[in-house]
Amino acid sequence: MELGCSLLGSAFDDDERSFDIDDYEGCVPRWCPGCGDFAVLTAVQRLLSAEQLPPERTVFVSGIGCSSRFPHYLSTYGFHGLHGRALPLATGVKLRRPDLHVFVVMGDGDCCSIGAGHWIHATRYNVRMVALLLDNQVYGLTKNQTSPTSPHGVPSNTQPRGSYLNPLNPLTATLGVTNASFVAQTADWVPAHVYATVSAAFRHPGFAFVRVLQRCPQFTPNLFSDFVRDPNRVELLVHDNGIVVPELDRLYRRRVQHDPADLDGARRLAEQGDTVRIGLLYQNQDLPRYNETRQQASCTADERVRKLNAELDRYAV
């Protein structure tokens, strides 16, 4: 495949190329066998192929962690940045090059700990991108350290007597941020749902936040075993405007009708409790986007001179 390049992106208006899923494959992944990251990578590659996204106009940005190896495993542009800084980097990319398709991949430490401040403000800015939180509830890369989302009482190398605090809930946290416009949850052991969720996030015109529940095969292999073994413990959020996956109807019988326009309902459902809920919790396509609110209306040179003179006249003595 021969790739072209255009700084303005206009050269691809008549792009007649087609891309197979193989065109998006990068280096051989070095994740542990059984890692949930593989399910997300496969779903993303399917999405890129289904949407026929030109690799040279697609960017994956990450921070530090196992999941942040993601850009290396795709044949697109990638930015493997500093720990916790993926979101501001991605925001800068998107603001400067709105023609690019921007994805962000973060772990629970990257997003919910060192990057928490950026997470809040990226949500509030609502710049169009897909933000994937790959949440295995442990620091796997640094060998079993408690993360902000580690369940209370679960031992680790840093807290061998069990995690001291109740875990941070990324869903309720995001839903509490002003201007949150898309919040969804899916799980690595339901690949059809992962793909449908990533696809819905990609089509959202603002900041799309997706939490992926997943297992670390080394340190949290049994984290969701009860939910994997017993589909009746998983609730599907269903609605015509939500994430529709008909092939899951026979497997998952617990279905909750939830209108994703209902923010209060989304906040109630985001509370984890003794069940796992997957689906689209909230979506509002009409919320303001930072890049659009900051756009300056174009004007002619004469208009600019007139505005400048009017401004200077305010200070004339």
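**Exercise 1. Locate glutamine 52 and describe its backbone and exposure.**

Glutamine 52 sits in the loop that joins α1 and β1. Helices (H or I, at least four residues) and strands (E, at least two) are DSSP runs, numbered from the N terminus. The model is predicted: local features need pLDDT of at least 70, side-chain atom pairs count only at pLDDT 80 or more, and totals for chains, interfaces and linings use all residues. Residues are numbered from 1 along each chain as its sequence is written, and side-chain values use heavy atoms, without hydrogens and water.

Step 1. Take the backbone. Glutamine 52 follows α1 and has a positive phi, near 55°. Most residues other than glycine have a negative phi. Glutamine 52 is not a glycine, yet its phi is positive.

Step 2. Take the exposure. Glutamine 52 is partly exposed, at a relative accessible area of 29%. Buried means under 20% relative accessible area, exposed over 50%, and partly exposed in between (1.4 Å probe, protein chains only).

**Exercise 2. Is asparagine 126 buried or exposed?**

Step 1. Find the residue. Asparagine 126 lies in the loop between α4 (116-125) and β4.

Step 2. Check phi. Asparagine 126 is not a glycine, but its phi is positive, about 60°.

Step 3. Read the area. Asparagine 126 is buried, with a relative accessible area of 1%.

**Exercise 3. Test the length of α1 and find what covers its buried residues.**

Step 1. Helix α1 covers residues 37-51, which is 15 residues. The expected span is 1.5 Å times one less than the number of residues. That gives 21 Å for α1, and its end C-alpha atoms are 21 Å apart, which agrees.

Step 2. List buried residues. Among them are Val40, Leu41, Val44, Leu47 and Leu48.

Step 3. Find the cover. It includes β1 (58-62), β3 (101-107), β4 (129-135), α6 (191-203) and β6 (207-213).

**Exercise 4. Does α10 lie in the open or under cover?**

Step 1. Helix α10 spans residues 301-313, and its end C-alpha atoms are 18 Å apart, as expected.

Step 2. Count burial. The number of buried residues in α10 is zero, so the helix lies largely in the open.

**Exercise 5. Describe the whole chain.**

Step 1. The chain has ten helices and nine strands. Its radius of gyration is 21 Å, close to the 20 Å of the globule rule for 317 residues, so the chain is as compact as a globular protein of that length. The radius is taken over C-alpha atoms; the rule is 2.2 Å times the number of residues to the power 0.38.

Step 2. Of the 317 residues, 48% count as buried.

Key. Contact = heavy atoms within 4.5 Å.
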